[in-house]
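Colleague: I have a few questions about this model. Can we take them one at a time, with short answers?

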Amino acid sequence: MAMLTIKDLQVSYGVINAVKGVSFEVNKGEIIALIGANGAGKTTILHTITGLVPAKSGSVDFDGTELTKTPAHKIVSMGMAHVPEGRRIFQELTVLENLQMGAFTRKDKNEISETLEMVYKRFPRLEERKSQIAGTLSGGEQQMLAMGRALMSHPSIILMDEPSMGLSPLYVSEIFDIIREVNEGGTTVLLVEQNAKKALSIANRAYVLETGNIVLSGDAGELMNNDSVKKAYLGE
């Protein structure tokens with residue numbers, strides 16, 4: 001069953017058509033990967049879904065609600081979280097304060113406390129460093145904090161933009177293990193990632209973007225063995 005349906009989405013920056021009529025679906029419980037080179041339109045699609053960039057035309061349906069005219073802060077309270085490219089944590093706040101900011105749309109303090117315990121269980125390093133200023137964390141720890149902050153809103157779907165960017169290979173493996181665990185815990189994942197091999201290794205299905213168009217789609221395992229995908233994105 002489709003949780004998120006994108007239909008004929010077009011997005012422009014002035015005269016530049018960044019997204020040119022893209023359509024795809026994310027079903028409940030899936031990990032869906034969007035892969036493609038820099039400038040393909042991946043981040044723009046996520047920004048449009050979450051209300052940060054207006055759509056020129058087309059529709060974004062999330063659990064029966066059209067999102068293209070919905071303010072970004074309302075989209076969060078509907079159950080959608082966004083882990084942006086570059087992490088965008090609050091550098092001057094502590095780890096705990098960053099996590100609390102992730103729950104700003106929620107009212108029940110007991111439920112927030114339970115979610116915080118769940119986040120600490122998933123990210124033990126965040127609990128160890130809860131009083132530390134977030135800007136002093138390593139890159140991998142900041143990525144964990146960005147993911148933990150998103151989970152604090154208790155989303156039904158989480159959109160992740162380049163979670164492995166700038167991380168050491170050890171942290172990259174750890175982050176992808178966590179994404180899989182988050183999904184196994186019941187959260188649907190839409191993943192934008194330049195590390196196509198890692199993304200396809202954990203995804204159910206994937207879409208390949210080139211210059212604002214989807215040029216390939218299908219089962220992630222099949223795309224991993226597709227000759228054109230191997231040549232263009234897997235370095236084979």
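Modeller: Yes. Start with a contact: the side chain of Thr44 makes a polar contact with the side chain of Tyr13, at 3.0 Å. Keep in mind that this is a predicted model.

Colleague: Is Thr44 buried or exposed?

Modeller: Thr44 is found in helix H1, residues 42-49. The cut-off for buried is under 20% relative accessible area. Thr44 has 9% relative accessibility, so Thr44 counts as buried.

Colleague: Which residues does Thr44 touch, not counting residues up to four places away in sequence?

Modeller: Tyr13 has already come up, as the partner in the side-chain polar contact. With the residues up to four places away set aside, Thr44 touches Val11, Tyr13, Ala18 and Val19.

Colleague: Now helix H7. How far apart are its end C-alpha atoms?

Modeller: H7 covers residues 169-184, which is 16 residues. At 1.5 Å a residue, H7 should span 22 Å. The model agrees with that, as the end C-alpha atoms are apart by 23 Å.

Colleague: Within what arc do the buried residues of H7 fall?

Modeller: The buried residues are Tyr171, Val172, Ile175, Phe176, Ile178, Ile179, Val182 and Asn183. Seen down the axis of H7, they line one face of the helix, because they fall within an arc of 155°.

Colleague: Which exposed residues does the face of H7 turned away from its buried side carry?

Modeller: Exposed means over 50% relative accessible area. On the face turned away from the buried side of H7, the exposed residues are Pro169, Leu170 and Glu184.

Colleague: Which residue just after H7 takes a positive phi?

Modeller: H7 runs over residues 169-184. Just after H7, a positive phi of about 110° is taken by Gly186.

Colleague: On to charges. Which residue forms a salt bridge with Asp177?

Modeller: Side chains of opposite charge can pair when their charged atoms come close. Asp177 is partly exposed, at 39% relative accessibility. Its partner is three residues apart from it in helix H7, so about one helical turn separates the two. The N to O distance is 3.4 Å, and the partner is Arg180.

Colleague: Why does the pair of Glu141 and Arg129 tie together parts of the sequence, and how many residues apart are they?

Modeller: The two side chains meet in a salt bridge at 3.2 Å, N to O. Glu141 lies in helix H6 (residues 139-151) and Arg129 in the loop between helix H5 (124-128) and H6, so the pair ties together parts that are apart in sequence by 12 residues.

Colleague: Which of the two is buried, Glu141 or Arg129?

Modeller: Arg129 has 24% relative accessibility and counts as partly exposed. At 8% relative accessibility, the buried one is Glu141.

Colleague: Which residue is linked with Arg129 and Glu141 in a network of salt bridges?

Modeller: The structure holds six salt bridges. Arg129 and Glu141 meet in one of them. The residue linked with both in a network is Glu128.

Colleague: Last topic, the nonpolar core. Which helix gives the most to the largest one?

Modeller: The largest nonpolar core has 48 residues. Leu99, Leu126 and Ile179 have the most contacts inside it. With seven residues, the helix that gives the most to this core is H7.

Colleague: How many residues are in the second, separate core?

Modeller: In soluble globular proteins, nonpolar side chains tend to be buried together. The second core includes Leu4, Val22, Val53 and Ile75. Its number of residues is 28.

Terms used:
Residues are numbered from 1 along each chain as its sequence is written. This is a predicted model: local features need pLDDT of at least 70, side-chain atom pairs count only at pLDDT 80 or more; totals for chains, interfaces and linings use all residues. Side-chain values use heavy atoms; hydrogens and water are left out. Helices (H or I, at least four residues) and strands (E, at least two) are DSSP runs, numbered from the N terminus. The expected span of a helix is 1.5 Å times one less than its number of residues. Buried means under 20% relative accessible area, exposed over 50%, partly exposed in between (1.4 Å probe, protein chains only). The arc is that of the directions from the helix axis to the C-beta atoms. A polar contact is a pair of N or O atoms within 3.5 Å; within protein, one must be able to donate a hydrogen and the other to accept it, and residues adjacent in sequence count only if both atoms are side-chain atoms. Contact means heavy atoms within 4.5 Å. A salt bridge is a side-chain nitrogen of Lys or Arg within 4 Å of a carboxyl oxygen of Asp or Glu. A nonpolar core is a set of buried Ala, Val, Leu, Ile, Met, Phe, Trp, Tyr and Cys residues joined through side-chain atoms within 4.5 Å.
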